[in-house]
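Visitor: Could you take me through the salt bridges in this one? I'd like a close look at who pairs with whom, and where the partners sit.

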Amino acid sequence: MSVRIVFIGAGRMATAIVQGLLKNRFYRPEEIACTCGNDSSGPKLAERTGIHFYPEISTAVREAKTVVLACKPQQFSEIGDPIINAARGKLLISILAGTTLANLKVKFYDARNIVRTMPNTPGQIGAGVTAYAPHSPLSDEDQKTVEEILRSLGNFHAVRENELDAVTALSGSGPAYIFEFAAALREAGVHCGLSQELSTALTVDTLLGAAKLLANSKETPEDLRNAVTSPGGTTAAALKVLEENHFRTLIQKTLEAAKKRSEELSQA
């Protein structure tokens, strides 16, 4: 066996990481192993990618240098002594929402280091963004490992752990806000007389184009907004409605609600 990295959990995010690691040639299939709960996600991931699947993965964990905790948060308490003992001296990377470094350390008390991360769902296509916070300063080798794993999902940023609830509210939950806005924009287009098909296509292309323009511009969102807005024009009329209905305040309250819930889950 030549396993270097083990995934406890084989769901969508674990699948995205594995596919990214293989695509970027950071690891070979035979160097990666996974396990899963009472479902078929592990065998399916192994069949699709060529990595190992083990119903009982302790031996692979013992050999590996890195363990990625990618199970469902409610399954965390079910991780037993065989895996915990096998993880001694390993680098543990967690993608579990709402599970603090302190709680991870209680269970994996002999891990070499622990890194808590907050990825988001566009990571499934390599277009995500992940924030991460280590329990203690990372060695150069472990820093390289963390960056390889997170790069497989997209961009990444080092943060303090006390910033992760706000990160969760913004980028973790953020795709849902964008999808809801897209749905609202599509419905509004239909209401204004467009077909469902055309309104959907225009919505998707508008969001993609605006995001790419913002990503490739040195100007602020406000600058780009102003460039679209002619005095007394159609965009100005539309933006006036957003302002009158306190759009920015609504977004602020949206993030505050998500952050508060993230804090509650972390303390549970």
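**Salt bridges up close**

Guide: Counting by the usual rule of a Lys or Arg side-chain nitrogen within 4 Å of an Asp or Glu carboxyl oxygen, you get 14 salt bridges. Keep in mind that this is a predicted model.

Let's start with Arg4, which pairs up with Glu31, their closest N and O atoms being 3.2 Å apart. Arg4 sits in the segment before β1 (5-8), while Glu31 is in the loop between α1 (12-23) and β2 (32-35), so this bridge ties together parts that are 27 residues apart in sequence. As for exposure, Arg4 is partly exposed at 33% relative accessible area, whereas Glu31 is buried at 8%, since buried means under 20%. The pair also has company: Arg4, Arg28, Glu30 and Glu31 are linked in a network of salt bridges.

Now hop over to Glu222, which bridges to Arg248, again with the closest N and O atoms 3.2 Å apart. Here Glu222 belongs to helix α10 (residues 221-228) and Arg248 to helix α12 (residues 247-267), so the pair ties together parts that are 26 residues apart in sequence. Glu222 is partly exposed, with a relative accessible area of 30%, and Arg248 counts as exposed at 55%.

Staying with helix α12, there's also a bridge within the helix: Glu264 and Arg261 both lie there, three residues apart, about one turn of the helix. Their side chains meet at 3.1 Å, N to O. Glu264 is partly exposed at 37% relative accessibility, and Arg261 is partly exposed too, at 46%.

Technical notes
Residues numbered from 1 in each chain as written. Predicted model: local features only at pLDDT ≥ 70, side-chain atom pairs only at ≥ 80, totals over all residues. Heavy atoms only, no water. Helix = DSSP H or I, 4+ residues; strand = E, 2+ residues; numbered from the N terminus. Buried < 20%, exposed > 50% of the residue type's maximum accessible area, 1.4 Å probe, protein only.
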